Each structure stands twice: as structure tokens, then as C-alpha cells.
Amino acid sequence: MDSILNAGASLRRWPARRWWIALAAAVGTYLVIAIPTDLIDTPFFAGAVAPTSWSWPVLAASAILAGLVSATYVAYPEGAAPRRAEGRLGMAGWMITFFAVGCPVCNKIVLLALGASGALQFFEPVQPYLAGASILLLGWALHARLTRESSCTLASAAPSPIVVPSREALTR
């Protein structure tokens, strides 16, 4: 519970610049996933299967979390440098969201691996679990990044001034 409170405290300390980056990344994520998965209807992509009722809320939650995770990489405090694992969790969550909300037979990778009937029979029932996994991974990445920012770091000792003895002191 303390780590969640620490993460919330980190969010409250964010400058406006981070919030703007989070908003831009969330909108970008939303569009980058919604357009090719045909959640947003465009003349470039067409979905053979209608989107599920849970696709929109999953996409919205994932986009918000991805935006917040992205903003944690902007001017992080000294001593809270990003770790590779945290970045990988966020990217994995983002990619899984793409598979979770997309039309099962419109995804070329799934279509090549399972065929059209296999995509509908085997992949479509797994998509809600992928949606949950994507939100959990993005949430965990955000939690890890925020708690890392508010973790206690040891302050480096101030360098002691170099004292050069005077010539008089050396000749004594």
C-alpha cells in the first residue's frame, strides 16, 4: 500500500511538461492502435469482424497508462535512471494491447499462424486475457517507474576542497 501512495506522490510532483508529454503519448498511442485495428474507421483499414464491446475501454486504459509510462522518461530525477526491465514491460503491454483489441482475422501474424477459422476459434477467445495482461504490464511498468522516482537515494558526499599548502608552510 505504501508503494502505491509513493507512486501517487510522485505523480503529484510532476511538472506541467510531463503531463503534456503524457497526454501527447496517450493520444498517439490511442491513434496508433485504433487506426490499424479499425476501431477508428478509415479508408485505409477495414475490419472483417466488428470490434468487441470491451475494445474501447481497454484501448483507453492502455493509452492512458502508456502515456503515463512514456512521461516518466522525461527528465527523471537524479538517481532514478530507468532500468531496462521497466521499459520492456511497458513496450510489451503496448504491443499486447494491439493484439488484444484488433480484429482476430485482420491481424496478419495471427492469420498466417492460425488461418481465418483458427483465428476466430482459438485467438478470439484469448483476446480478453491479452487485454488484461496488457493493462497489468503497463500498470506494473508505471508503478515500477514511479516508485523508483520516489525511492530514497543516497546523496553523494560533497567533494572536500583541495588544500594546497603555501610555500611558506612547505619550507617550515
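User: Why is Thr97 called buried or exposed, whichever applies?

Analyst: In this predicted model, Thr97 has a relative accessible area of 1%. Buried means under 20%, so Thr97 counts as buried.

User: Where is Thr97, and which residues does Thr97 touch?

Analyst: Thr97 sits in helix α4, residues 84-101. Leaving out residues up to four places away in sequence, Thr97 touches Ile33, Leu59, Ser62, Ser134 and Leu138. Two of these names, Leu59 and Ser62, appear among the buried residues of α3, and Ser134 and Leu138 are among the buried residues of α6. The C-alpha atoms of Thr97 and Ala63 are separated by 9.0 Å, with their positions 34 residues apart along the chain.

User: How do you know what span helix α3 should have?

Analyst: Helix α3 covers residues 55-71, which is 17 residues. The expected span is 1.5 Å times one less than the number of residues, so α3 should span 24 Å. Its end C-alpha atoms are 24 Å apart, which agrees.

User: What does the like comparison give for helix α6?

Analyst: Helix α6, residues 127-149, has 23 residues. From its first C-alpha to its last it reaches 33 Å, close to the 33 Å expected at 1.5 Å a residue.

User: What makes Ala61 buried, exposed or partly exposed?

Analyst: Ala61 lies in helix α3 and has a relative accessible area of 27%. Partly exposed covers values between 20% and 50%, so Ala61 is partly exposed. The C-alpha atoms of Ala61 and Ile135 are separated by 7.1 Å, although the two residues are 74 residues apart along the chain.

User: How many aromatic pairs are there, and what makes the pair of Trp14 and Trp19 tilted?

Analyst: The count comes to two aromatic pairs. In the pair of Trp14 and Trp19, the centres are 5.0 Å apart and the planes meet at 55°. Rings pair if their centres lie within 6.5 Å, and an angle that is neither under 30 degrees nor over 60 counts as tilted. The pair is therefore tilted. Trp14 is buried, at 7% relative accessible area, whereas Trp19 is partly exposed, at 38%.

User: Why is the pair of Tyr30 and Trp56 said to tie together parts of the chain?

Analyst: Tyr30 and Trp56 form a tilted pair, 6.3 Å centre to centre with 35° between the planes. Tyr30 belongs to helix α2 and Trp56 to helix α3, so the pair ties together parts that are 26 residues apart in sequence. Tyr30 is partly exposed, at 24% relative accessibility, and Trp56 is partly exposed, at 34%.

User: Which residues form a nonpolar patch on the surface, and how do you know that Leu23 can belong to it?

Analyst: The patch consists of Trp20, Leu23, Val27 and Leu31, with about 420 Å² of accessible area together. Leu23 lies in helix α2, residues 16-34. A patch residue needs over 30% relative accessible area; Leu23 has 47%, so Leu23 passes that cut-off. At that value Leu23 is partly exposed.

User: What are the elements of the protein chain, and how much of the chain is buried?

Analyst: There are seven helices and zero strands. Of the 172 residues, 31% count as buried. The accessible surface comes to about 10,800 Å², and 69% of that belongs to carbon and sulfur atoms. Among contacts with a separation of 6 or more, 78% join residues 24 or more positions apart.

Conventions: Residues numbered from 1 in each chain as written. Predicted model: local features only at pLDDT ≥ 70, side-chain atom pairs only at ≥ 80, totals over all residues. Heavy atoms only, no water. Helix = DSSP H or I, 4+ residues; strand = E, 2+ residues; numbered from the N terminus. Buried < 20%, exposed > 50% of the residue type's maximum accessible area, 1.4 Å probe, protein only. Patch = residues over 30% accessible without salt bridge, like charges linked within 9 Å, V, L, I, M, F, W, Y side chains within 5 Å. Areas by Shrake-Rupley, 256 points an atom, 1.4 Å probe, with all protein chains shown as cover. Salt bridge = Lys/Arg side-chain N within 4 Å of Asp/Glu carboxyl O. Contact = heavy atoms within 4.5 Å. Phe/Tyr/Trp six-rings, centres within 6.5 Å; stacked < 30°, edge-to-face > 60°.
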